[in-house]
Amino acid sequence: MKKVIYLSAIAAVALAGCTNDDTIVSNENELNASDGISFRMSAKAPTRAEEHVGADAAALLGKNFVVEGWKTKTTASSKWVDANASVVFDNYNVNWSAATAGTTESNTADWEYVNQTKNTLSEASSQEIKYWDHSALQYDFYAYSLGGGGATPTVETPKTAAIDASPSAYTITGTKEQLGKVYISDLVTVPRAKFNEEVTLSFRALAAKVRVAFYETIPGYSVRNLEFYNASDATSVVADNKVTLFSSDNTIFSEGTYKVFFPTVDDETPTTDKNKAHVSFTPTASTGSGKLLSFTEAPSYQKDMSTTKEPSGKYLGISSTTATYTTADKKDAYEQVLPNETTTSSLTLRCNYTLVADDGTGETIEVLGATAVVPAVYCQWKPNYAYTYLFKISDNTNGQTQALGEGSVGLHPITFDAVAVETEDGIQETVTTVATPSITTYSPGVQPTANDEYIAGKTIYVMVQDGATLKEDLGTKGQLYTVTQNTGAAPISEATVHDALTIGATTVGDATTGRNGIVLTAVSSDATITAIPGADGNNITVGAGTAASFTTGAAGTVYAYVYETTPSPAPAAVTFNTAVILTGASAPSDFTSAYYKDFACENLCAAGDYTDGGTYYQKITNNKKTFAVKVIKVAE
């Protein structure tokens, strides 16, 4: 009995925001979350949301995809064209036509390749039916779709090269709008044992998508009136108040050439990346600097706030789960971008905002020039990934309340939390402080936007970015603490942790207690790691000392990661008087030289003055150190 090779199409489109979702591009060039498009004989792929099949799937692909396939008869080939392989499908067009399934041997689901118009890239004289050759050891396939509609990009497919990183399996050249309609598949290897089964091709969108969101945690204040800059040295805000991110290099492009390649086809060890399609990008020289990513919408502010915040008006959300996006509908807040897996550029956001007191007095504070920097390892956009940069504004800010360049920096800090990524393989969300330096935290598979920060028993990875510089000394300058409060202590925040380390701090064993009642107990983190697990199952390589990791404790635990900075010039020492309660059977050794009977610290204590539990006074000089701080909560 003859066994014909069948190709058919099913599109599974999942609801936005679900874990393990793909992203695809519709005819209107929108990006939506999806479980992808699988090409096989009959049964549709399982999905966690509504599926679109038949005509809906065909519409997403512009009713066409192009398949390249070859067979290997002697030694199993892991390359595209070599001495042991011969081409079977040479850029065959596969087209959809309604109600044609079963009318030919090669069409079981309205998709047909036989006698279709020959693709201009094909060297075949016509498109004929293909049968399984059981003398072959394996077949290999990949496919792509240009999506249809309007001008199309240019595709080139070499006939003499291996499908590895250099050269490519094929290239696609076009504008951002053209490339935004393109789908690419992974490589599919079919061994002899599966020759009579359906061929399944897994497609994903070539484009990526990015969105941004904001929330604030400043005690006693609400945040409104965000304004954004379009470059690090700008003195004016962006027109129409559009959210703008700028890269540290020219890596945000509007047109160019994608090289599609398969770097792991040689790898016989099973990995999540085996046979996966990867892309590299060469921009067209005429596209300009490629430095800015400006969103089409201004922020859409929350209208209903917590009872502890301003009840109405244009104010930011007050938790990671109620963050304010660039549009009210979170799904539609994405901006389509061209992926760039190999970028070494960080992303910076710079903004002004207004603080409004929650006590009803109407007091406002204008904060200028606040910035956040997302490390480059979290800016390597991949095809079909959805990235959310989540910025948290706290009291640990690097903005200033005087005109830019005229005053001291800070309220005390604001932090911006950054980056969420949703992919077909998993999720990746990072949180970046808006401070100098910025501290980014990331836990594989954990969504701060859904979990209100982090989860017990998970590994958290920490990186510190100072402008364009990724810090490499976390082993000596970084320290992890658990944070607790004495009775009557100040609220836990980035600013109060910083104060606990610098003002009136007393260290006993591993615990440091600040004058504000914040208690910091040193715990260990590992700064020797050289890899961070990525959302796609592949590790992100990092240099020793550039990242630290630790495992979260019980629910409700609060951590602070602290990085010691070296300010220039160093801050002036500040001396102040403070009350101290001494306990124990005997006085400390410096009782008569460092402790006073009065708050003015004019009358030193004598040996006979000591009483267990008594109150005495000291002159305290701060340590003149400064720190970057990130508070990390484990959700209860």
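**Exercise 1: the cores.** In this predicted model, find the largest nonpolar core and work out which strand gives the most to it.

*Solution.* Start with the size: the largest nonpolar core holds 46 residues. Inside this core, W381 and Y389 have the most contacts. Next, look at the strands. At least two core residues come from each of β15 (208–216), β16 (221–228), β23 (347–357), β24 (364–374), β25 (386–393) and β29 (459–466). Now pick the top contributor: that's β23, with six residues. Last step, look beyond this core. There's a second, separate core of 26 residues, and V88, W111, V190 and A205 are among its members.

**Exercise 2: a cavity and its lining.** Describe the second largest cavity: how much space lies in it, and what kinds of residues line it?

*Solution.* First, count: there are four cavities of 30 Å³ or more. The second largest one has about 70 Å³ of space. Then list its lining: S247, T251, I252, N340, T343, S345, S346, L347, C379 and W381. Sort those residues by type and you get four nonpolar, six polar and no charged. Notice a familiar name, too: W381 lines this cavity and is one of the residues with the most contacts inside the largest core.

**Exercise 3: two cysteines.** Decide whether C601 and C605 are paired or unpaired, and buried or exposed.

*Solution.* Begin with the total: the structure has zero disulfides. For C601, the nearest cysteine sulfur belongs to C605, 9.3 Å away. A disulfide needs the two sulfurs within 2.5 Å, so this pair doesn't qualify. Going the other way, the nearest cysteine sulfur to C605 is that of C601. Finally, check accessibility: C601 is buried at 5% relative accessible area, and C605 is buried too, at 4%.

Key:
Residues are numbered from 1 along each chain as its sequence is written. This is a predicted model: local features need pLDDT of at least 70, side-chain atom pairs count only at pLDDT 80 or more; totals for chains, interfaces and linings use all residues. Side-chain values use heavy atoms; hydrogens and water are left out. On a 1 Å grid over the protein atoms alone, a cavity is a set of points where a 1.4 Å probe fits but cannot get out, and a pocket is an open set with protein on both sides within 12 Å along at least five of seven lines; lining residues have an atom within 4 Å of a point. Grid points are joined across faces, edges and corners, and a volume is the space filled by probe spheres set on the points. Ala, Val, Leu, Ile, Met, Phe, Trp, Tyr, Cys and Pro count as nonpolar, Asp, Glu, Lys and Arg as charged, and the others, Gly among them, as polar. Buried means under 20% relative accessible area, exposed over 50%, partly exposed in between (1.4 Å probe, protein chains only). A nonpolar core is a set of buried Ala, Val, Leu, Ile, Met, Phe, Trp, Tyr and Cys residues joined through side-chain atoms within 4.5 Å. Helices (H or I, at least four residues) and strands (E, at least two) are DSSP runs, numbered from the N terminus.
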